[in-house]
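Good morning, colleagues, and thank you for making time for this presentation. Please look at the sequence and the structure on the screen before I begin.

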Amino acid sequence: MKTTNRVPLAPAVRLTGKTIVLGVTGSIAAYKAASLARRLMTEGATVRVVMTHTAQRFVAPLTFEALTGHPVGTDLFPSSSGEVGAGGARSAGPPPAMNVMPHLALAGGADLIAIAPASAHCVAKLAHGLADDLLTALVLAAECPVMVVPAMDGGMWTHPAVRANVRTLRQRRVAVLEPGVGPLASGRVGQGRFPDEDAILAAISGALCAKDFRGRRVLITAGPTQEPLDPVRFLSNRSSGKMGWALTEAARDRGADVVLVAGPTSLAPVPNVTYVPVVTSEEMRKEVVTRFPGTDVLIMAAAVADFRPARPARGKVPKGRDVRMLALEPTKDILKELPLRRAGQVVVGFAAETGDLVARARGKLRDKALDLIVANDLTEPGAGFGTDTNRATLLDRAGRCEGLPLMSKHELAHRILDAVLSLP
Ligand code: CTP
C-alpha cells in the first residue's frame with residue numbers, strides 16, 4: 001500500500017462525530033477501501049461498511065469488521081441474529097439498531113455514504129435506481145449526501161454507457177470523483193485508477209463541513225501575474241497558486257459562491273466555482289474592480305506584479321539587441337483601486353515578507369484599509385511559494401494578532417475563513 005506524507009485535516013473539517021457508510025463494490029481496488037476505512041477512523045469518523053457480493057470475492061468482510069469494530073453489511077435481509085447482513089465474525093462493537101430492515105437502519109444513521117471503489121456495474125445500478133442489494137437499497141433510502149469513487153479499467157470509464165451513467169448521477173447532485181490516470185490492473189494505461197486517498201478524504205470532508213459561508217459571495221485571487229517583455233518573454237514571480245486554490249476549495253466546501261480570478265498556474269481548475277483566468281496585473285485589476293461590488297468577501301491571495309516593462313516590444317527581441325537597460329513602470333495596486341465599500345464587505349490581503357513580518361504586515365493592513373491580513377515570512381522553511389504548507393500570522397483591523405504554527409495550506413485556508421467569520 002502506498003504511504004504518503006499525510007497532512008491531517010483542518011479542524012473545521014475533521015470527521016469527529018460523523019458516521020460514514022463505506023460501500024465497497026467488486027473492483028480490484030476493493031483492498032484500498034481497507035486503508036481508506038482506517039484513515040476515516042483516524043480523522044474521527046465512525047465507519048460502517050457495506051459490501052456487495054462481488055466485493056467479497058476480492059476482500060473478506062472480516063477485514064473490515066476487524067478494522068472498524070462493526071459488523072459488515074452484506075445482505076438486504078437481516079439474519080436471525082439481528083446482524084447487519086451476514087458478514088462473517090461478530091463484532092465486539094455496539095449492536096446496530098436492527099429492529100428495522102438493515103438498509104433503513106444504516107440510511108438513518110449515516111452522515112454520508114461513500115462508495116469506494118464503485119465498479120462500472122455499481123455506477124449503472126445507481127444511475128438507474130436499482131435496489132437489488134443492501135448497498136443500492138441503502139442509497140435510495142438515504143437522505144444524506146452520496147459520494148461515488150469509481151475505479152475501473154480505462155476502456156470502461158470512457159465507454160459511452162458509463163459516461164452517460166456518470167452524467168445522470170452528477171445531474172442528480174451525486175458527487176462522482178474523477179478516477180486517477182496511470183497504469184491499470186489490466187496492464188493498460190488510462191483513466192480509471194482508484195483516486196489518491198488524500199483527494200478522497202478532502203472530498204468527503206468538504207461534503208461534510210459546516211456550511212457557514214452559505215449565501216456569501218467570495219472573490220479570491222490566486223497565482224502570479226505575468227508582465228510581457230515581448231510576445232514570448234515575461235516578468236513574473238514564484239507563486240504557485242496553491243494558497244488561493246486551497247482558499248477556493250475551502251470557501252466552496254463551506255457553501256460560498258466562489259469566483260476565482262487567477263494568473264497562470266499549473267493547477268487543475270477547481271470544480272463548482274467560477275474560474276476567471278487572467279495573465280497580467282492589469283487584467284486581474286479589471287476583473288477584481290468590476291466584480292467587487294457584487295462580492296461579500298474579497299481575498300487577495302495573488303502575488304500581483306509590482307512592476308512591469310514600460311514598453312513591451314511588439315515583436316520578439318532579437319539576441320543581438322542592447323538590453324543592458326530595462327525600463328520598468330509600477331503597476332496599479334489593486335487593493336487601493338477598489339471602489340467604495342458597502343457596509344459589511346470584508347477585504348483580506350496577504351503580506352509576503354522576508355523580514356520584520358508583523359510591523360510590515362500591520363503597515364499594509366492600515367495602508368490598504370484591510371479587515372484582515374495574512375502575513376508570511378518567505379524565508380521560513382515550509383512557508384511561502386510552491387510549498388503545500390505555510391506558517392502565517394493573522395492580523396485584523398481590531399488589533400488582534402495570532403501567530404499560527406506550520407500547517408497545510410488546506411488547514412490555513414480554513415483558519416483564514418474562521419478569522420473572517422470572527423471579525424468584530
Ligand atoms: N496587491 C495588490 N496589487 C498589487 C500588489 C499587491 O492588490 N499591485 C495585494 C496582494 O495581493 C496582497 C497585498 O496587496 O494581498 C500585499 O502584497 P505584497 O506583495 O505583500 O505587498 P506590496 O503592496 O506589493 O508591497 P511590497 O512588495 O513593497 O512589500
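I shall start in a loop, the one between α8, residues 160–171, and β5, residues 175–176, because that is where Arg 173 is found, with helices and strands taken as DSSP runs. Arg 173 is not a glycine, and yet its phi is positive, at about 65°. Please keep in mind throughout that this is a predicted model.

A second backbone feature can be seen in strand β3, which covers residues 112–118 and contains Pro 117. The peptide bond that joins Ala 116 to Pro 117 is cis, with omega at about 0°.

Let me now turn to the overall division of the protein. The domain assignment gives domain 1 as residues 19–208. Domain 2 is made up of two segments, 217–313 and 326–421, in that assignment. Between the C-alpha centres of domain 1 and domain 2 the distance is 38 Å.

The remainder of my talk concerns the ligand. Where does the ligand lie? The space it takes is the second largest pocket. Around the ligand there are 17 residues, and the closest are Met 300, Ala 302, Phe 350, Lys 364 and Lys 368.

Which elements supply at least two residues each to the shell around the ligand? They are β16, residues 346–353, and α12, residues 357–367. The largest share comes from β16, with 4 residues. As to chemical character, the shell comprises 9 nonpolar residues, 6 charged residues and 2 polar residues.

Next, consider the polar atoms. Met 300, already named among the closest residues, places a backbone N or O atom 2.8 Å from an oxygen atom of the ligand. Asp 306 takes part through its side chain, where an N or O atom is 2.9 Å from a ligand oxygen atom. With Lys 332, the partner is a nitrogen atom of the ligand, 3.0 Å from a polar backbone atom of that residue. How much of the ligand does the protein bury? Taken alone, the ligand exposes 570 Å², and the protein buries 80% of that.

To close, I would ask you to retain two points. The ligand takes the space of the second largest pocket, and β16 gives the largest share of the shell around it. Thank you for your attention.

Conventions
Residues are numbered from 1 along each chain as its sequence is written. This is a predicted model: local features need pLDDT of at least 70, side-chain atom pairs count only at pLDDT 80 or more; totals for chains, interfaces and linings use all residues. Side-chain values use heavy atoms; hydrogens and water are left out. A residue is near a molecule or strand if one of its heavy atoms lies within 4 Å of it. A polar contact is a pair of N or O atoms within 3.5 Å; within protein, one must be able to donate a hydrogen and the other to accept it, and residues adjacent in sequence count only if both atoms are side-chain atoms. Accessible areas come from the Shrake-Rupley method with a 1.4 Å probe; for residues, only the protein chains shown count as cover. On a 1 Å grid over the protein atoms alone, a cavity is a set of points where a 1.4 Å probe fits but cannot get out, and a pocket is an open set with protein on both sides within 12 Å along at least five of seven lines; lining residues have an atom within 4 Å of a point. A molecule sits in a cavity or pocket if more than half of its atoms lie within 2 Å of its grid points. Ala, Val, Leu, Ile, Met, Phe, Trp, Tyr, Cys and Pro count as nonpolar, Asp, Glu, Lys and Arg as charged, and the others, Gly among them, as polar. Domain bounds come from an automatic or database domain assignment.
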